[in-house]
Amino acid sequence: MDLFIIGAIIVILLIIAISNIFVVQQSRAYVVERLGAFHKVQGVGLHFKVPFIDRIARRVSLKEQVLDYPPQPVITKDNVTMQIDTVVYFQITDPKLYTYGVEQPMAAMETLTATTLRNIIGDLELDQTLTSRDIINTKMRAILDEATDPWGIKVNRVELKNILPPADIQSSMEKQMKAERDRRQAILQAEGQKKSAILIAEGERESAILRADAEKQAAILKAEAEKQAAILKADGEAQAILAVQKALADALALLNEKAPNDQVLKLKAIEAMQTVANGQATKIIIPSEMQGLVGLANGIVEGTKQ
């Protein structure tokens with residue numbers, strides 16, 4: 001019977017000892033109290049707590065966590081009520097402060113987020129609220145991070161997920177956006193027509209310039225051709241005159257070699273006069289010394305005809 005009691009006591013002690021052995025997982029921390037007061041924060045690994053004296057007050061996750069709050073009614077500076085839902089990304093950095101800093105930290109975070117959002121939106125008008133998401137997110141993150149620091153919480157990021165204005169304002173905004181799109185479309189169409197007209201005018205101007213240049217070049221080429229033709233014609237006439245003069249000089253040279261008398265020279269002069277008479281001249285002036293010889297030649301020609 002004594003052995004049974006001793007064995008039972010040993011078993012009970014083993015059960016108690018085993019039940020007070022605990023393992024802390026990665027990215028977690030356990031807050032341990034001794035006799036109701038804070039004792040230590042146990043990190044990753046195998047640990048043992050004193051039975052009936054120590055107790056685990058809170059198991060804390062050190063991972064980054066996300067709180068997605070439902071839409072909150074907020075009023076803007078111009079008295080427009082809208083619904084905004086917020087997402088907060090946070091991380092517990094001090095398990096002791098998180099455990100003893102505030103009662104129900106998550107509820108406190110939600111309330112603090114809602115009041116901070118209302119305060120920031122209350123200083124903005126509707127249009128500013130819709131176009132200043134980044135500014136609102138930055139302000140909220142800074143305020144929440146500072147306010148939750150005594151709670152051992154680090155706020156990493158705050159995002160406004162949806163901003164829902166009232167139905168009538170949303171309808172007005174859609175109409176305004178449609179009118180703005182129509183206006184931009186009309187402006188773009190007018191700009192396109194303007195650019196098209198400018199391009200057409202520039203094309204016509206360039207075409208006119210090219211035509212003028214072509215006509216100018218054609219006129220220059222025509223003038224050059226006429227100039228070359230006139231030069232060639234003049235050269236030809238000059239060559240012909242030179243040939244005639246040369247032939248006459250050669251004939252005179254031959255006559256001089258034969259020592260002709262007066263009668264031969266006069267006959268040659270008559271032949272020259274006949275050649276001249278065959279040209280375009282309308283008047284022929286005959287030297288006085290040749291007139292008798294011409295009359296004699298005419299008499300001989302008439303006698304021959306009879």
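Where is Ser-27 found? The close-up views below start there, and all of them come from a predicted model.

**View 1. Ser-27 sits in a loop between two strands.** Here you are looking at the loop that runs between β1 (21-24) and β2 (28-34), and this loop is where Ser-27 is found. Ser-27 is not a glycine, yet its phi is positive, at about 65 degrees. Most residues other than glycine have a negative phi. Is Ser-27 buried, exposed or partly exposed? Its relative accessibility is 25%, so Ser-27 counts as partly exposed, because the partly exposed class lies between the limits of 20% and 50%.

**View 2. Gln-104 has a positive phi in a loop between two helices.** Gln-104 lies in the loop that links α2 (95-100) and α3. Its phi is about 55 degrees, a positive value although Gln-104 is not a glycine. With a relative accessibility of 54%, Gln-104 counts as exposed, because exposed residues are those over 50%.

**View 3. Three strands make an open sheet.** Reading across the sheet, the order is β3-β2-β5, and the pairing is antiparallel. The edges are formed by β3 (37-42) and β5 (54-61), each of which pairs on one side only. From one strand to the next, the twist averages 25 degrees.

**View 4. β2 and β5 pair side by side in the antiparallel sense.** How many bridges join β2 and β5? There are 7 bridges between these two strands. Look for Glu-33, which stands opposite Arg-55 in β5.

**View 5. Helix α5 has the span expected from its number of residues.** Helix α5 covers residues 133-148, which makes 16 residues. At 1.5 Å a residue the helix should span 22 Å, and its end C-alpha atoms are 22 Å apart, so the two values agree.

**View 6. Helix α5 has a buried side and an exposed face.** Which residues of α5 are buried? They are Ile-136, Asn-137, Met-140, Leu-144, Asp-145 and Thr-148. Seen down the axis of α5, these buried residues fall within an arc of 150 degrees, so they line one face of the helix. Turned away from that buried side is a face that carries the exposed residues Asp-134, Thr-138 and Glu-146.

**View 7. The buried residues of α5 pack against several elements.** Their partners are two strands, β8 (81-92) and β9 (153-164), together with two helices, α3 (105-122) and α4 (126-131).

Note on methods
Residues are numbered from 1 along each chain as its sequence is written. This is a predicted model: local features need pLDDT of at least 70, side-chain atom pairs count only at pLDDT 80 or more; totals for chains, interfaces and linings use all residues. Side-chain values use heavy atoms; hydrogens and water are left out. Helices (H or I, at least four residues) and strands (E, at least two) are DSSP runs, numbered from the N terminus. The expected span of a helix is 1.5 Å times one less than its number of residues. Buried means under 20% relative accessible area, exposed over 50%, partly exposed in between (1.4 Å probe, protein chains only). The arc is that of the directions from the helix axis to the C-beta atoms. Contact means heavy atoms within 4.5 Å. Two strands pair if DSSP finds at least two bridges between them. Axes are lines fitted to C-alpha atoms, for helices over the stretch in contact, and angles run from 0 to 180 degrees between N-to-C directions.
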